[in-house]
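Here's a short set of exercises to work through with the model open in your viewer. Try each task before you read its solution.

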Amino acid sequence: MSPDSGIEITGGIAPGQVLQRKSDNTASAEITGLCRTTGEVLLTVTDETGENIVPAQAIGQADGGKFSGKISGLPVGGPYQIEIAIGGESIRIPEIFAGDVWILAGQSNMQGIGYMSDATKPHPKVRAFYMDRHWGLAEDPLHFLMSSPDKAHVPYPLPAASIEYARKVQLRGAGLGIEFGRAMVEKSGGVPQGLICTAHGGTSMYGWRPTPEDMAGDTYYGSMLKSLRATGQQLSGVLWYQGESDSGPDASKVYAEKMREFITAVRRDTGIPGLPFLLVQLARNFPMNNQNVAKSDPGWRLVRQVQLKLRDEFENLETVPALDLPLDDRIHVSSAGQRRLGRRLACVAARMVYGKKDELPVIVFKSARRVIDDPKYLTEVYGIDVEFDNVSGDLQADGEPQGFSMIDREGREFPLVYRTFLSGNTVRLETSMNHYTPDFRLVYGWKMATYANIRDARDMAIPAFGPVEIQNSIALSDYIMKWQVSGLIPFTGDFAEMECPELPESAEVREFPGGAATYGTEWYEKSGIGIFRAKVNVPEPMKLEFRFGYDAPVKVWINRREFFLDLNGVMPIGVDKVTLPWETETGCNEITVALRVTPTNLATGVRLRFSRTDLPEEEIAKGGYSMPEPAV
């Protein structure tokens, strides 16, 4: 009890505190205290100019050395000064705010390990409830573990002088909290923000487990609840960055279960069933020189996948990516990266809590589809269009876009993506695979140290995801790889009037694994006709595109009827040089090609495949449809 006033506040409000506003944009607090007198408890609230904010009023009664009362109707804003008067004695509580309150929880990247020399500057409307449970201006380090009264953070009491010295010499401790608060003040039009600091580096979900001894402070979960309840207030949401310590082979397998238990318990123990949760997906981690990377990658990947999946399991939960952010060491996000992460979290929180529909949710994967080769390419190109939702502006990257790769069914990664283009909300990948390679799937940020740098105009990154199946954008067959071929046959007639030829007895069946049926340089500086014949079985009537490449004057017959003629064909063969409509006949169809070879045209061969044009998009995407099948 203060000897000057005779009044002591024991609960409900403290100097520098942010009170959580309600839906009507006002805050309230149940105040308890000790006093030397009896009578009405009188309340006065003034702003910085001394003007009354709420009418002076009696809020309770003092008796037997104790008092209680309720402050209500405190409008969003501050700082306010609250005066409590009883029987001629009074006490003033300075710097009271009404706004939004957030829990910061998790391990070191939430605690903040960025260099203090680059720490975010404080903001007068961003306040912190520190580890020692006092309110003040939010300044890094927000999480000074040595000051906590709980055994979870400090197993045994430390001398005050040691604590103060450690605080002064601390080189690292910058985190995301202050930048998050600054961004939320801006996005809310000036609403004060309160940060309850509860994170502890190196902690696993075992320490964050809900237990019957939650209020003892012996677990991180219990310490978090003690801090929240010490404020006497509710909150707007939870910011959670944790998982590094649960990325081992065993812990990662139960991480989903532990996280579900944790989220459910927090919502239960706060009494807010739909309490907003903002999770951070793990950033990069570079293994130490004695670490088995092959054993470490799967667990790190699994934790990331769980974090991404949780947003589909829980309402009012979003997962914010961090894998592109700069690091200050092998595992900790730098001060500059923490500022970017704080702003990303604020974008999501503004939509989730403030209902700001102009703020998009986190970018989500929509589809990955094979694309037909662009005619500008001379060789086979396996393209993939990867489309995303919730992209603000256009996708972008510093330097070359990176992060995509392919894996086989055993999870082995293959560096098959050699070029990446960004256009709007779509990423075009060019790979060194052949079309219709079903054993590969697409991933992004597959390994724990994979550098992935694609983001949108608001600096929201694409999260690590995958593996995902690559869908078909068109119903495309493989190339015909087996042909009956004639070799070079003398010819002196009118090529345009030529009838469908017979193959000579010397014709043979040859296989061309690359898809282009060519004789290479065998025909250079020679004259004649080269004949190629293939048969395809068509199981049902189809509307097709005849996708044909050639490098010399050419004539095509289908079932002995003329189908196509180009007297001006030139090299190169190309990919799908022409696409021609073909309504097929059911059964076996014979395709005959004659190529006109001269000493000057450097003719080598042809290339042929088909695509169906009579299928709906959803059937094409899932695959499993019929196509013409080679019969030679």
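Helices here are DSSP runs of H or I with at least four residues, strands are runs of E with at least two, and both are numbered from the N terminus. Keep in mind that the model is predicted.

**Exercise 1. Place Pro616 in the chain, and decide whether Pro616 is buried, partly exposed or exposed.**

Step 1: Look at the neighbouring elements. Strand 35 covers 605–612 and helix 8 covers 617–622, and Pro616 lies in the loop between them.

Step 2: Check the accessibility. Buried means under 20% relative accessible area and exposed means over 50%. Pro616 comes out at 36%, so Pro616 counts as partly exposed.

Step 3: Look across the fold. Pro616 and Ile474 are 142 residues apart along the chain, yet their C-alpha atoms are separated by 9.7 Å.

**Exercise 2. Classify the aromatic pair Phe546 and Trp582, then do it again for Phe548 and Phe564.**

Step 1: Recall the cut-offs. Ring centres have to lie within 6.5 Å, and planes over 60 degrees apart make a pair edge-to-face. The model has 28 aromatic pairs by this rule.

Step 2: Apply that to Phe546 and Trp582. Their centres are 6.2 Å apart with 75° between the planes, which is edge-to-face.

Step 3: Ask what the pair connects. Phe546 sits in strand 30 (residues 543–550) and Trp582 in strand 33 (residues 578–583), so the contact ties together parts that are 36 residues apart in sequence. Both Phe546 and Trp582 are buried.

Step 4: Now the other pair. Phe548 and Phe564 have ring centres 6.3 Å apart and planes at 90°, so this pair is edge-to-face too. Phe548 is in strand 30 and Phe564 is in strand 32 (residues 561–566), 16 residues apart. Phe548 and Phe564 are both buried.

Step 5: Put the rings together. Phe546, Phe548, Tyr550, Phe563, Phe564, Trp582 and Phe610 make up one aromatic cluster.

**Exercise 3. Which charged end sits over the ring of Tyr550?**

Step 1: Start from the cluster, since Tyr550 is one of its members.

Step 2: Look over the face of that ring. There you'll find the charged end of Lys577, 5.1 Å from the ring centre.

Step 3: For another case, go to Tyr115. Arg172 lies over its face, 4.6 Å from the ring centre.

**Exercise 4. Work out the strand order of the open sheet that holds strand 24, and name its edge strands.**

Step 1: Trace the order. The four strands run 20-19-23-24, with antiparallel pairing.

Step 2: Find the edges. Strand 20 (413–414) and strand 24 (465–468) each pair on one side only, which marks them as the edge strands.

Step 3: Zoom in on one pairing. Strand 23 (residues 441–444) and strand 24 run antiparallel and are joined by two bridges. Tyr444 has Phe465 of strand 24 as its bridge partner.

Step 4: Check the backbone of strand 24. Pro467 lies in this strand, and the peptide bond from Gly466 to Pro467 is cis, with omega about 5°.

**Exercise 5. Describe the lining of the largest cavity.**

Step 1: Get the volume. There are three cavities of 30 Å³ or more, and the largest has a volume of about 60 Å³.

Step 2: List the lining. Arg301, Arg304, Gln305, Tyr444, Gly445, Trp446, Ala464, Phe465 and Gly466 surround this cavity, so the bridge partners Tyr444 and Phe465 turn up again.Step 3: Sort by element. Helix 6 (293–313) and strand 24 each supply at least two lining residues, and helix 6 gives the largest share, three residues.

Step 4: Sort by character. The lining divides into four nonpolar, three polar and two charged residues.

**Exercise 6. Where do Pro572 and Asp576 lie, and what is unusual in the backbone there?**

Step 1: Recall the background. Most residues other than glycine have a negative phi, and most peptide bonds are trans.

Step 2: Locate Pro572 and Asp576. Pro572 is in the loop between strand 32 and strand 33, and Asp576 lies in the loop between strand 32 and strand 33 as well.

Step 3: Read the angles. A cis peptide bond joins Met571 and Pro572, with omega about 5°. Asp576 isn't a glycine, but its phi is positive, at about 55°. At 9% relative accessibility, Asp576 is buried.

Step 4: Add Asn559, in the loop between strand 31 (554–558) and strand 32. Its phi is near 55°, again positive in a residue other than glycine, and with a relative accessible area of 18% Asn559 is buried.

Key:
Residues numbered from 1 in each chain as written. Predicted model: local features only at pLDDT ≥ 70, side-chain atom pairs only at ≥ 80, totals over all residues. Heavy atoms only, no water. Phe/Tyr/Trp six-rings, centres within 6.5 Å; stacked < 30°, edge-to-face > 60°. Buried < 20%, exposed > 50% of the residue type's maximum accessible area, 1.4 Å probe, protein only. Lys NZ or Arg CZ within 6 Å of the ring centre and 35° of its normal. Pairing = 2+ DSSP bridges. 1 Å grid on protein atoms, 1.4 Å probe; cavity = no way out; pocket = protein on both sides within 12 Å on 5 of 7 lines; lining within 4 Å. Points joined across faces, edges and corners; volume = space filled by probe spheres on them. Nonpolar A, V, L, I, M, F, W, Y, C, P; charged D, E, K, R; others polar.
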